[in-house]
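Open the model in your viewer and keep the sequence panel visible. The tour goes from one selection to the next.

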Amino acid sequence: MKKTDVTIGETYLVKIGGNKVEATITREHEQGGWEATTVKTGKTIRIKSPERLCRQGDSKALIATKTTQKPKCTTATQKRHTCQRNAPDDKRGDGPMSLLDAAAHLLGCDGGKPMSCETIVNLAASRGLRKPTTGKTPANTLYSSILREINNKGTAARFVKTERGKFARADNAL
């Protein structure tokens, strides 16, 4: 955008960092550029160059795309069996499953029997729930993650420690 295209009183999208913020130009700044007020927060900002501004038509199109979000889960997807990959209890969606989520998944699906972290890591890799990483001790990492969840969440944790080195799903251990 050129300096001659900027109109005081108009609303533009302003590039601030990696974000685009909707702002209304209020006046020209005495040191060059413009002062603007953001529409969302009302904060006054200084715009030094016209390259940081997007056209008005572009701002309306961008704002329209932000307001249209993906629909939430439908009842058809919620009826799937929870032992399937990306079932409703899988919070992360279609992305790769974390080792902690894979552990909760495996402990809930395999009859509720307690397992060691080494067994969980091997099962997760063999069933394709998680790709093996370059880490040297994934079982130790899983062990500390499960203990951290038990300590932080207390009775709301997904896991319980049944014996030394073995864990079970909290809802299966009762």
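**A helix across two strands**

Select helix H5, residues 138-153, which lies across strands S7 and S8. The angle between H5 and S7 is about 115°. Keep in mind that this is a predicted model.

Now add the sheet itself. Strands S6, S8 and S7, in that order, form an open sheet of 3 strands with antiparallel pairing. Which strands stand at the edges? They are S6 (115-116) and S7 (159-163); each has a single partner strand, so one side of each is left without a neighbour in the sheet.

Next, select S6 together with S8, residues 166-169. These two strands pair in the antiparallel sense over 2 bridges. Show the residues here: Ser116 stands opposite Lys166, which belongs to S8.

Then select helix H3, residues 99-109. Which strands does H3 lie across? H3 lies across S6, S7 and S8, and runs at about 75° to S8.

Finally, show the whole chain. The chain has 6 helices and 8 strands. Trace them along the sequence and the pattern reads β-β-β-β-β-α-α-α-β-α-α-β-β-α.

Colour the 174 residues by burial: 30% of them are buried. Switch on the surface: the chain exposes about 11600 Å², and 51% of that comes from carbon and sulfur atoms. Last, look at contacts in the chain with a separation of 6 or more; 38% of these are between residues 24 or more positions apart.

Technical notes:
Residues are numbered from 1 along each chain as its sequence is written. This is a predicted model: local features need pLDDT of at least 70, side-chain atom pairs count only at pLDDT 80 or more; totals for chains, interfaces and linings use all residues. Side-chain values use heavy atoms; hydrogens and water are left out. Helices (H or I, at least four residues) and strands (E, at least two) are DSSP runs, numbered from the N terminus. Buried means under 20% relative accessible area, exposed over 50%, partly exposed in between (1.4 Å probe, protein chains only). Contact means heavy atoms within 4.5 Å. Accessible areas come from the Shrake-Rupley method with a 1.4 Å probe; for residues, only the protein chains shown count as cover. Two strands pair if DSSP finds at least two bridges between them. Axes are lines fitted to C-alpha atoms, for helices over the stretch in contact, and angles run from 0 to 180 degrees between N-to-C directions.
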